[in-house]
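Q: Please take a close look at one part of this model, the largest nonpolar core, and explain how its surroundings are arranged. I would also like to see how that part fits into the whole.

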Amino acid sequence: REDRRYFSFLSEEIRKELVANVTESDLRIWLVKSYMQTKPRETALRKMLQLLRKLFDYAKSKKICFENPAEYILFDDYAKGCNHSKKRDEEREFSEEECELLRQDALDSRNNPRSVMRLLAIETGMRAGELSALRKEDVEDDFLHIHRQQVKDRSSGHQRFYDVEYTKDERMHPHDGRYFPRNPKIDEVLELAKNLPGDSEYVFHDSSGKPISKESYSRH
């Protein structure tokens, strides 16, 4: 549904054109004269460009076209035209009622480690990368020691995830993270995590013991 919604932003001329006839120039003209005029946020622009690249990559794999006209259309070329205004706190945060709906939904799918991660996020405000990197050794008797995060590396051409020994706000000045006191609600979440299938050093993992990637959790 999300892909279809983004696809609907394309001009009617491009949508009705034969795939093999669409050029990089066509896409750039549409971006400047139409899509960027809506002042999309950076995340929306990234998704739009990713969708275009995937669309033409698929067409190439089916021999419908021989080039990807979106391949060299880069986010940095258009980022300045995005909406960079910050949302007000009340726009960014979930209300108590919304949190309760999210909590109940997560409890209904408690066998999914991402749902259990969501429950801990509600109680602690932990970031996605911090949840993915939380290890069982970080769970102390009275507190959670939050001092690492999972990051993504694309330098090799293939994305991989790994842990670093600092959180997002202490990258330049590591200070051993922060300590979050345990309470009955957090203990309930940790008990649900213990019941997840598979054995792992990570609190949140799949049935093979691999940690849940922060991207997988964010999509969830």
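A: The account below begins with the whole chain, turns to the core, and then moves outward from the core.

The model is a predicted one. The protein has 220 residues, of which 36% count as buried. Its secondary structure consists of eleven helices and four strands, and the C-alpha trace spans about 65 × 40 × 40 Å along its principal axes. If one takes the contacts between residues at least 6 apart in sequence, 56% of them join residues at least 24 apart.

The largest nonpolar core contains 24 residues. Those that touch the most other members are Leu27, Trp30, Leu31, Tyr35, Leu45, Leu49 and Leu52. Three helices each supply at least two residues of this core: helix 3 (24-33), helix 4 (42-61) and helix 5 (75-78). Among the contributors, helix 4 gives the most, namely eight residues.

Helix 3 deserves a closer view. Its residues Leu27, Trp30 and Leu31 are buried. Around the helix axis these residues cover an arc of only 100°, and therefore they lie on the same side of helix 3. The partners against which the buried residues of helix 3 pack are helix 2 (12-16), helix 4 and helix 5.

Tyrosine 35 can be examined in a similar manner. With its neighbours within four places in sequence left aside, tyrosine 35 is in contact with Tyr6, Phe9, Trp30, Pro40, Ala44, Leu45 and Met48. Two of these partners, Trp30 and Leu45, are also listed with the core residues that touch the most other members.

The loops beside helix 4 hold two residues with a notable backbone angle. Lysine 39 is placed in the loop between helix 3 and helix 4; its phi is near 55°, a positive value in a residue other than glycine. Lysine 63 lies in the loop between helix 4 and helix 5, and its phi is also positive, at about 60°, although lysine 63 is not a glycine. As background, most residues other than glycine have a negative phi. Lysine 63 counts as exposed because its relative accessibility is 59%, and the cut-off for that class is over 50%.

The core described so far is not alone. Apart from the largest core lies another core, of 21 residues, which includes Leu120, Phe204, Ile212 and Tyr217.

A second helix offers a useful parallel to helix 3. In helix 10 (residues 184-194), the residues Ile186, Val189, Leu190, Leu192 and Ala193 are buried. Seen down the axis of helix 10, the buried residues fall within an arc of 155°, so they line one face of the helix. The face turned away from this buried side carries the exposed residues Pro184, Glu188 and Lys194. Among the elements that cover the buried residues of helix 10 are helix 7 (96-108), helix 8 (113-124), strand 1 (143-146) and strand 4 (178-181).

Helix 7 also contains glutamate 98. This glutamate 98 counts as partly exposed because its relative accessibility is 38%. The C-alpha atoms of glutamate 98 and lysine 60 are separated by 43 Å, the two residues being 38 residues apart along the chain.

Finally, the surface may be considered. The protein exposes about 14600 Å², with carbon and sulfur atoms supplying 48% of that area. It carries 41 positive and 43 negative charges, whose mean positions are 6 Å apart.

How values were computed: Residues are numbered from 1 along each chain as its sequence is written. This is a predicted model: local features need pLDDT of at least 70, side-chain atom pairs count only at pLDDT 80 or more; totals for chains, interfaces and linings use all residues. Side-chain values use heavy atoms; hydrogens and water are left out. Buried means under 20% relative accessible area, exposed over 50%, partly exposed in between (1.4 Å probe, protein chains only). Contact means heavy atoms within 4.5 Å. Accessible areas come from the Shrake-Rupley method with a 1.4 Å probe; for residues, only the protein chains shown count as cover. Lys and Arg count as positive and Asp and Glu as negative; His and the chain ends are not counted. The place of a charge is taken as NZ of Lys, CZ of Arg, CG of Asp or CD of Glu. A nonpolar core is a set of buried Ala, Val, Leu, Ile, Met, Phe, Trp, Tyr and Cys residues joined through side-chain atoms within 4.5 Å. The arc is that of the directions from the helix axis to the C-beta atoms.
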